[in-house]
Amino acid sequence: MTAPADRPHEPDGKQRQRDHYRAADPAGGPLTTDQGVVVDHTDDSLAAGARGPTLLEDFHFREKLTRFDHERIPERVVHARGAGAYGYFEPYESCAEFTRAAFLQDPSVRTPVFVRFSTVQGPKGSADTVRDVRGFATKFYTSEGNYDLVGNNFPVFFIQDGIKFPDFVHAVKPEPHNDIPTGASAHDTLWDFVSLQPETLHAIMWLMSDRAIPRSYRMMQGFGVHTFRFVNAQGRGTFVKFHWKPKLGTHSLVWDEAQECQGRDPDFNRRDLWDAIEAGEYPEYELGVQLVPEEDEFAFDFDLLDPTKIIPEEQVPVRPIGRMVLDRNPENFFAETEQVAFHTANVVPGIDFTNDPLLQARNFSYLDTQLIRLGGPNFAQIPVNRPVAPVRTNQRDGYHQSALHSGTNYSPNSLGAGCPAVAGPDGHAYTHYAERVDGAKIRQRSPSFRDHYSQAALFWHSMADWEQRHIVDAFRFELGKVGALTVRSRTVAELARVDHALAAAVAEGIGVPAPEAGADEPRKTAVSPALSLVAQRGDGSIRTRQVAVLVTDGVDAEQVTSVREALAAEGAVVEALAPRDGSVTGADGERHAVDRALPTVASVLYDAVLVPGGPAGAPTALADPDALRFVRDAYRHGKPVGALGAGVAALGALGADDLRLAAEPGQAVADRGVVTDTAPGPAGEPFLRAFTEAVAGHRYWDRPVARS
Ligand code: HDE
């Protein structure tokens, strides 16, 4: 542990964070009005006498309030709550064989990016850790113009045709009569819709899984969802699905924990992203593609154009093509994260669309909504939206025009020397893929989109036991909050068409009769191992994992220091928590700084916990009720728990009788993520190794239930 000087252990990020409070103009000119007139007083309005009425001529007062009154713009209809970051993308090798997109040609070229992560249902001020899809939208500022890959953390969507989007979003949003619930799907209208619209089922399986409560935006996969089309310099098309894989692996919260987090830290995911970048722990994701030659369009037992389907990775492997690193936080949330405008139709030469009807609808919707959200057509001039490629158009005027256009504004023209001229055949212009289209003008869902159950079943059967348990619990929670019993029953009947055992388990928890066995029993019981979180562990490191050490007066400081140093060397963030902030007096009689006071934090904000010991017979930190609760919560949420010296005996308070704890000093025992060693003094190598491994394992689901 460190001495309590001026909090020397405080992460650099905190210091840097303070820089954000400094004025942009360090020279520090005086306060002015919008017109540049210097102001000498901003605390009292101009009034007729100290106790008299305010005067209309107080232009500073009127301007200040007017500007304040107009600070808000409409929030996004969906994805209102988000967090953004800048970074770069670099390809591993040239993808010229498949696409002529300039940013995918040369490994030495770094393309700047801006990424915005988001929840979908909740408003701008809602909590982060709700059960929801997460947006994962990337703007690549390429040399050939902006390319936006506007994806989610699920690879499938809830509907097949964009004309159903308003219905789906109305159903999932809070109920119209009372605007309840905020940021949650557990209510009647969503499940009413789901039970009547079986195309939702596959995405609903993802929504009920742990994927819907990510531990971190840095530990979350991303998917382009639709099948897109790469086009190479020869004009050859290849179908492509995009995948982002986080280097740190894909990890999730537990539902109980996610709910508590909503109160303890509603900004849990946003803060995590911000803090990691400030600390120099830059999130990294690998971009992968599944490529399908045009001639294989009909080689699958589903339609490539159907956005409720995946191509199992075992069928078409994901080929890594590059990596993205997020290394800079925005300067100003509103200017950048709020005003950024993504659009699926922002494509560059070499990337094209398919006839996926959902994608086609999106290509209309994003620009349309941004015209109102950002107050007119000139939002591409806002710095975060501005391409690095030169922009020369004949578009003019409109609200918030800030460009000083000169010259002619029509084409063809001779007075402006024909400028800007359309590009010649040098291969740099965007050319639409010349797909042959031939058909009657009809409203009809393609028969190839009809199977709504096989892939929902594929997902279910690909889950580990504990993932299946969590899915059943999630269905029980959500449907248990639905008032209309007919909706509960209808949903269970639909689930029976995915898997009868699933439906029966859900029915049992929500008080509706289980469907008849075998009534509609599907399907194949194929599995795709890549769908399970077990297969998405990432690099297995413990970088940025938050480890709490519960300390109190009399703590063995050497023990704490040894663990802190060992875990920090692997990149974990270790914090000493005590009943009060400031310092504790160690067994060595010295004062040792603590990082945070227990009442200001909670187990749900950490990934693992350690209980060190002190002199024999002295109380450990667990004598404190907050500390005891901390360890109990960590245990029941499946988190790694470590204990050393007298801390091992203190774990008896958990009441987990079947757990194997260390008895012989120096012999570390690891049992389902609980790592113990009764030896006093600095932690030994076997303990440090086992505890580091436990932290890397993230969660342990097969623990004995604690009586406490
Ligand atoms: Fe979106 N979506 N969406 N969506 N979407 C918006 O655009 C829409 C869909 C996604 O951080 C809106 O500027 C329709 C699929 C992300 O700013 C809006 C349809 C996927 C973001 C809109 C879909 C997404 C949005 C709201 C069905 C995953 C946030 C504000 C046809 C592949 C981007 C805005 C950000 C945002 C419409 C379906 C992802 C209303 C009509 C599928 C990540 O235009």
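This report walks through a predicted model, starting with its two domains and ending with an iron atom.

## Two domains

Let's begin with the overall layout. The protein is split into domain 1, covering residues 82–385, and domain 2, covering residues 546–697. Ten residues from domain 1 and twelve residues from domain 2 take part in the contact between them. Measuring from centre to centre over C-alpha atoms, the two domains lie 38 Å apart.

## Where the domains meet

The size of an interface is often given as the accessible area lost when the parts come together. Here, about 940 Å² is buried between domain 1 and domain 2, and carbon and sulfur atoms give 47% of that area.

What links the two sides? Four salt bridges are found across the interface of domain 1 and domain 2. In one salt bridge of the model, Glu-260 pairs with Arg-629, with their closest N and O atoms 3.6 Å apart. The interface also has five residue pairs in polar contact.

On the side of domain 1 that touches domain 2, helix α6 (residues 255–264) supplies the largest share, with five residues. By type, the residues on this side of domain 1 divide into seven charged, three nonpolar and no polar.

## The iron atom

Now for the ligand, which contains an iron atom. Which protein residue acts as a donor to this iron atom? The only protein donor is Tyr-366, through its OH atom at 1.9 Å. To find Tyr-366 in the structure, look along helix α9, which runs over residues 357–373.

Conventions:
Residues numbered from 1 in each chain as written. Predicted model: local features only at pLDDT ≥ 70, side-chain atom pairs only at ≥ 80, totals over all residues. Heavy atoms only, no water. Donors = N, O, S within 2.8 Å, 3.2 Å for Na, K, Ca; no water. Helix = DSSP H or I, 4+ residues; strand = E, 2+ residues; numbered from the N terminus. Domains from an automatic or database assignment. Contact = heavy atoms within 4.5 Å. Buried area = accessible area lost by both parts, 1.4 Å probe. Salt bridge = Lys/Arg side-chain N within 4 Å of Asp/Glu carboxyl O. Polar contact = N/O pair within 3.5 Å; in protein donor to acceptor, adjacent residues only side chain to side chain. Nonpolar A, V, L, I, M, F, W, Y, C, P; charged D, E, K, R; others polar.
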